[in-house]
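Got your viewer open? Let's take a walk through some aromatic rings, one selection at a time.

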Amino acid sequence: MWWFQQGLSFLPSSLVICSSAAFVFPYVVGVFLHHIDTLVPYISDLGTTPPERCLFGIMLCFVSFLGIATIYVRYKQVSALNPEEPKMLRLNKAGLVIGMVSCFGICIIANFQKTTVFFIHTFGAFLTFGIGVIYILVQTIISYKMQPQIHGKDIFWIRFTILLWCAVSIMSMAISSFILLSLSGIDSLQRQHWNPQEKGYTFHIITTVSEWSLAFTFVSFFLTFIRDFQKISLHMETRLFGPNLYHTQEQLLQDEQGIPITGSI
């Protein structure tokens with residue numbers, strides 16, 4: 001059995017692969033059609049002009065679905081491993097809510113382009129990466145509390161390193177964006193084509209490099225879930241309370257021969 005066939009490890013694996021593809025494929029199309037600059041454009045530029053905009057939106061919506069599934073499975077796993085620790089369970093629930101909000105931000109980015117509704121698009125980016133980094137922080141704290149009884153220290157240090165790199169990328173992007181705004185105004189964040197001789201070009205490159213660094217570091221965090229998810233299996237159960245859709249449970253109890261039909265898949 002291959003590693004990605006063990007348990008539910010295909011979930012974080014698919015999330016990372018599809019997230020990376022959602023950035024790379026629209027970028028290739030946009031560069032080929034000369035819609036965006038070749039040298040590190042803003043990620044948001046990938047979703048502004050058809051046809052790459054369509055590809056970017058569809059793939060990000062699918063990434064959002066995979067993210068919700070992965071975050072929920074992680075929530076159930078931590079709950080099962082720490083059933084009698086109230087503080088851990090509260091932290092785990094907070095992580096679930098924060099993770100879902102981050103996934104909602106991905107949907108906003110996919111459906112609201114920066115060239116049409118800039119502020120809503122920016123809000124979606126804040127939910128995705130700003131709130132998403134808080135999710136990484138929560139999971140890192142959970143990993144710290146679960147060592148060494150449930151897993152080793154190595155996974156904590158890997159997640160902690162990713163958290164630090166995300167924080168550095170955010171700080172770099174925030175500082176360079178502020179300087180760029182002061183030099184070129186808010187239009188500099190919406191511009192798709194840059195001339196290296198233009199004022200603020202260096203800070204534009206620093207901003208875009210920091211943005212791409214944040215995106216791929218954020219996505220790579222979910223690779224750390226693969227080993228955990230290899231030990232999880234999915235079980236679904238269907239329960240029917242009558243022979244047809246109009247047979248209520250109360251009628252079932254009154255029926256001498258009415259026995260619930262139980263099956264599992």
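Start by selecting Phe129, Tyr135, Phe218, Phe221, Phe222, Phe225 and Phe229: ring pairs join these residues into a cluster. Keep in mind as you look around that this is a predicted model.

Before zooming in, here's how to read what you see. A pair of aromatic rings is described by the distance of the centres and the angle of the planes. Across the whole structure, a search turns up 18 aromatic pairs.

Now for one of the stacked ones. Select Phe62 and Phe65: their ring centres are 6.5 Å apart and their planes meet at 25°, so this pair is stacked, since stacked takes planes under 30 degrees apart. Which helix are you in? Both residues belong to helix α2 (residues 52-81), and they sit 3 residues apart, about one turn of the helix. Turn on the surface and check each one: Phe62 is partly exposed, with 42% relative accessibility, while Phe65 has 53% and counts as exposed.

For another kind of pair, hop back to the cluster and pick out Phe222 and Phe225. These two rings are edge-to-face, with 5.8 Å from centre to centre and 80° between the planes. Buried or exposed, what would you guess for Phe222? Phe222 is buried, at 6% relative accessible area. Phe225 is buried too, at 0% relative accessibility.

Last stop: select Arg191 and Trp194. Here you'll find Arg191 lying over the face of Trp194, 4.2 Å from the ring centre. Rotate the view until you're looking at the face of the Trp194 ring, and see where Arg191 lies over it.

Methods:
Residues are numbered from 1 along each chain as its sequence is written. This is a predicted model: local features need pLDDT of at least 70, side-chain atom pairs count only at pLDDT 80 or more; totals for chains, interfaces and linings use all residues. Side-chain values use heavy atoms; hydrogens and water are left out. Rings of Phe, Tyr and Trp (its six-membered ring) pair if their centres lie within 6.5 Å; planes under 30 degrees apart count as stacked, over 60 as edge-to-face and the rest as tilted. Helices (H or I, at least four residues) and strands (E, at least two) are DSSP runs, numbered from the N terminus. Buried means under 20% relative accessible area, exposed over 50%, partly exposed in between (1.4 Å probe, protein chains only). A charge sits over a ring if NZ of Lys or CZ of Arg is within 6 Å of the ring centre and within 35 degrees of the ring normal.
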